[in-house]
Amino acid sequence: MKTYESLLDEVTAFSGQTRTILDPATGAIVGEAPIHDLEYLEQAVADAQAAQPAWAAMGHDARSAALLKAADAVERSAEELARILSREQGKPLNGPNARFEVGACAAWLRAAATIRLEPEMIVDDGETRAELHYRPIGVVGAIGPWNWPMMIAIWQIAPALRMGNAVVVKPSGNTPLSVLALAKVLNEELPEGILSVVSCGREVGARLTDHPAIGKIMFTGSTAAGRAIIKSSADTVKRLTLELGGNDAGIVLPDVDPKAIAQDLFWGAFINTGQTCAALKRLYVHEDIYDAVCTELTTVAKAMPMGNGLDENNVLGPLQNKAQYDVVASLVQAAKDSGARVLLGGNPDTTRPGYFYPTTLVADIDNNNPLVTDEQFGPALPIIRYRTIDEAVEKANGLDVGLGASVWSSNLDAAREVAGRIQAGTVWINKHGAVDPRIPFGGAKQSGYGLEFGVEGLKALGVPQVING
Ligand code: NAD
């Protein structure tokens, strides 16, 4: 049985160079993360190549059974994993945060294990018979961000393993301990070499993207890094799934009850203290109910405690790192400088340690303000007034990203009609950001391409092969 200390000891035991990981809530040392070098990465890729054929040969049923056992292992160590995640990432244990994220890891593993993927009969007319299969790719490289480090790693690892691939994971340098700890737990149930983590800097990690032995990169992170990966993977013509940045719009129609939707609006925007790819980042509210929505949202937001993640009362935490804190602070400053009206927060709290930025709501803001047009990725939501649906849709579609979006209305038909006009990979109705392992998820425009989750997500981790005859 692993304890928090023993698990942390296992992932920090390394004789080479290390990097000190600090708790973003307190500045205290969490542990020393290994800095793996290029030689380590090459070995991980070679081990994956060597182990993959036997894993593929086991077949779907045996691999699914192993993934179900891995889900059990995650549940056995859930509290230890949640504590490491909370200390390294900053997110509270409670609320839709660290324990929720570890629970999602088990849920996504189970879904990847149990979703059925049958060969498709494409033509069978007596003359021609053509069947579509999905074969393993080989070795998959998985590169992830720091906001949901465990859950996003599982989104990449689970379908890749299910489809018969081996995986080499490169976590964000901000949150390597969380991913190393998760892999330690998963590896209790997986054959050696099938899953490894290379905890390295960007330069070494970038080798995955042009490595001839890697057949596919699963990437989740910023649009800028996604572009770099497209370029560096070109020479080896790698398959890519790119889940990139977003700046999700929410449109509130005039027929809603502001009080009834305020809580869901809040969590749509502030889940993980706003550090979520598909969080609501621009809220468009019809002028008839604008003031009421602002008032109800402020009431809900005021009641949400922010602080150290290990304190069971908190549901909001710090920004994970100083760079992100500075982004949020400068975008809110730009909004204030423009004369926008701060409903809540808006002033950095310099009285306590940690990268805490107070929950901030900004009203009467111009649609071209940087707090609206740039991805804030933190606890600051701009609320924009609109008059007509056409105007709201045009503004929602006005950016070059389109990950998620939402429409809020008491009339589902009206909401669905508006949803169909929005350029985004997912449009939720009366909720925002509710991902589900059965339902495909991916971006439109420069939020990336390729789908994760569900049967489409499994297909994306296979090579389509037609058997004709
Ligand atoms: P980032 O792009 O800076 O880094 C993501 C990962 O890519 C890190 O592990 C980083 O080391 C690595 N990386 C960066 N450049 C690379 C390169 N050239 N080659 C190989 N690896 C490289 O992103 P971040 O700051 O960690 O995460 C925040 C961003 O991620 C936000 O824009 C957010 O919207 C996005 N995100 C998207 C999703 C989604 O599902 N679409 C989910 C979470 C986060």
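**Entry 1. Backbone outliers**

I began with V237, which counts as exposed because its relative accessibility is 67%, against a cut-off of over 50% for that class. The structure I am reading is a predicted model. I located V237 in the loop between α10 and β9 (239–243). Its phi is near 45°, a positive value in a residue other than glycine.

I then looked up K445, a residue other than glycine whose phi is positive and near 45°. I placed K445 in strand β18, which covers residues 444–445. With a relative accessible area of 36%, K445 is partly exposed.

**Entry 2. The ligand site**

I next turned to the ligand and asked which residues are the closest to it. I found 28 residues around the ligand, and the closest are G144, R202, S222, L244 and E375.

I went through the polar contacts one by one. For E375, I noted an N or O atom of the side chain at 2.6 Å from an oxygen atom of the ligand. For L244, a backbone N or O atom lies 2.8 Å from a nitrogen atom of the ligand. For G221, a polar backbone atom is 3.3 Å from an oxygen atom of the ligand.

How much of the ligand's accessible area does the protein cover? On its own the ligand has 850 Å² of accessible area, and I recorded that the protein covers 90% of it.

I then checked which elements give two or more residues to the shell around the ligand, and these are β8 (214–220) and α10 (223–232). Helix α10 provides the largest share, 3 residues. By residue class, I recorded 15 nonpolar, 9 polar and 4 charged residues in the shell.

**Entry 3. Aromatic pairs**

I searched the whole structure for aromatic pairs and obtained 11. I examined the pair of W155 and F453, whose ring centres are 4.7 Å apart and whose planes meet at 75°, so I entered the pair as edge-to-face. The cut-off behind that label is an angle of over 60 degrees between the planes.

Where do the two partners lie? I found W155 in helix α6 (residues 149–162) and F453 in the loop between β19 (448–449) and α17 (454–459). The pair therefore ties together parts that are 298 residues apart in sequence. I also noted that W155 and F453 are both buried. Ring pairs link these two with W108 and F441 into a cluster.

**Entry 4. Charges over rings**

I looked for charged ends placed over aromatic rings and recorded two cases. The charged end of K91 sits over the ring of W148, at 3.7 Å from the ring centre. The charged end of R385 sits over the ring of Y290, at 4.1 Å from the ring centre.

**Entry 5. N369 and its contact**

Is N369 buried or exposed? I entered N369 as buried because its relative accessibility is 6%, and the cut-off for that class is under 20%. I placed N369 in the loop between β13 (360–363) and α14 (370–373). A polar atom of the N369 side chain lies 2.9 Å from the backbone nitrogen of L371.

**Entry 6. Single residues and C-alpha separations**

I looked up K259 and found its place in helix α11, residues 258–270. K259 has a relative accessible area of 60% and is therefore exposed. I noted 16 Å between the C-alpha atoms of K259 and I383, which are 124 residues apart along the chain.

For Q17, I recorded a position in the loop between α1 (4–12) and β1 (18–22). Q17 is exposed, its relative accessible area being 60%. Its C-alpha atom is separated by 5.5 Å from that of I35, 18 residues apart along the chain.

I closed with G193, which lies in the loop between α7 (176–186) and β7 (195–197). Its relative accessible area is 19%, so I entered G193 as buried, the cut-off being under 20%. The C-alpha atoms of G193 and P353 are separated by 41 Å, and the two residues are 160 residues apart along the chain.

Technical notes
Residues are numbered from 1 along each chain as its sequence is written. This is a predicted model: local features need pLDDT of at least 70, side-chain atom pairs count only at pLDDT 80 or more; totals for chains, interfaces and linings use all residues. Side-chain values use heavy atoms; hydrogens and water are left out. Rings of Phe, Tyr and Trp (its six-membered ring) pair if their centres lie within 6.5 Å; planes under 30 degrees apart count as stacked, over 60 as edge-to-face and the rest as tilted. Helices (H or I, at least four residues) and strands (E, at least two) are DSSP runs, numbered from the N terminus. Buried means under 20% relative accessible area, exposed over 50%, partly exposed in between (1.4 Å probe, protein chains only). A charge sits over a ring if NZ of Lys or CZ of Arg is within 6 Å of the ring centre and within 35 degrees of the ring normal. A residue is near a molecule or strand if one of its heavy atoms lies within 4 Å of it. A polar contact is a pair of N or O atoms within 3.5 Å; within protein, one must be able to donate a hydrogen and the other to accept it, and residues adjacent in sequence count only if both atoms are side-chain atoms. Accessible areas come from the Shrake-Rupley method with a 1.4 Å probe; for residues, only the protein chains shown count as cover. Ala, Val, Leu, Ile, Met, Phe, Trp, Tyr, Cys and Pro count as nonpolar, Asp, Glu, Lys and Arg as charged, and the others, Gly among them, as polar.
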